[in-house]
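User: Could you take a close look at one part of this model for me? I'd like a single helix and its surroundings, walked through in one go.

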Amino acid sequence: MIITDTHPTKEDEEEIQKFINSNDLLKAKKKISDLELVYKNSLTVIYYDSFIKNLEGDFDGAINGYKKLIQMKPNIWLFNHNLGLIYFNQKKYQDAIEPFEAATKIENNKYSFHNLGCCYYEIYEYLKAKICFEKALSLDSKFLFAQCNLSSVSIQLGDFENAKMEAKKALEIDPESHLANSTYGVALSKSGTISDLKESVQF
């Protein structure tokens, strides 16, 4: 996607995207290097450079790139969400919270709210996690992961009846889903039993 400001042409971007889609990252990187000589501080070039660094496992380079993008254009959802994802995938949940929160303030996006909820779940802030999962479901009532995780977080809050109810809703979304059936089984097993063990949240 072209992200305004002085930037390469649409054809340039399409060529980069074509290389990425075909997993030819060397050609994509070469194209980006060539464009960097022409377009200084282009949001589009920095974005694709950061995107490729993340694909290649250069997470520090990708993080620095997205932070630069956010400094240049703080109100773009994609920059904040992607930075959160990099931290999230490295299990740096505390670091992921800030960019995910920023993303939710820019755009009501179910994935940003869901991932933010997972971060809060992993650092044991269950009430905040519950609010995020509920928000994600308010945006998409058929969002299976958020529905299952709402059941899981209800268990952590000691509300076993609600956990069963939320798990049953997950089964209604997709009766054949292994995740939904597993979630319902856990909710049933916890009914009337206080567990000190933290359930594994589903991503």
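**Helix H7 and its surroundings**

Analyst: Let's start with what packs around helix H7: the cover over its buried residues includes H5, H6, helix H8 (126-139) and helix H9 (144-156). Bear in mind that this is a predicted model.

H7 itself runs over residues 110-122, so to speak a 13-residue piece, and spans 18 Å from first C-alpha to last, close to the 18 Å expected at 1.5 Å a residue. Most of H7 is covered, with ten of its 13 residues buried. Those buried residues are Ser112, Phe113, His114, Asn115, Leu116, Gly117, Cys118, Cys119, Tyr120 and Tyr121.

Now for the two ends. At the start of H7, Asn109 has a side-chain oxygen that comes within 2.9 Å of the backbone nitrogen of Tyr111. Lys110 puts its charged end over the ring of Phe143, 5.0 Å from the ring centre. After H7 comes Tyr124, with a positive phi near 70°.

Two of the covering helices, H5 and H6, are worth a stop of their own. The structure has nine aromatic pairs. In one of them, Phe88 and Tyr93 count as edge-to-face because their ring centres are 5.9 Å apart and their planes stand at 80°. Both partners are tucked away: Phe88 is buried at 9% relative accessibility, and Tyr93 is buried at 11%. Phe88 also pairs with Phe100, where the centres are 6.0 Å apart and the planes at 75°, so this pair is edge-to-face too. That second pair links distant parts of the chain, as Phe88 belongs to helix H5 (residues 77-89) and Phe100 to helix H6 (residues 93-106), twelve residues apart. Phe100 is buried as well, with a relative accessible area of 0%.

Elsewhere in the model, Tyr47, Tyr48, Phe51, Tyr66 and Phe79 make up one aromatic cluster.

H9 is another of the helices covering H7, and one polar contact is handy to look at from there: the side chain of Asn162 meets the side chain of Ser154 at 2.8 Å. Asn162 lies in helix H10 (residues 160-173). With a relative accessible area of 15%, Asn162 falls under the 20% cut-off, so Asn162 counts as buried.

To pull the helix back into view: H7 is mostly covered, and H5, H6, H8 and H9 are among the elements doing the covering.

Terms used. Residues numbered from 1 in each chain as written. Heavy atoms only, no water. Helix = DSSP H or I, 4+ residues; strand = E, 2+ residues; numbered from the N terminus. Buried < 20%, exposed > 50% of the residue type's maximum accessible area, 1.4 Å probe, protein only. Polar contact = N/O pair within 3.5 Å; in protein donor to acceptor, adjacent residues only side chain to side chain. Phe/Tyr/Trp six-rings, centres within 6.5 Å; stacked < 30°, edge-to-face > 60°. Lys NZ or Arg CZ within 6 Å of the ring centre and 35° of its normal. Expected span 1.5 Å × (residues − 1). Contact = heavy atoms within 4.5 Å.
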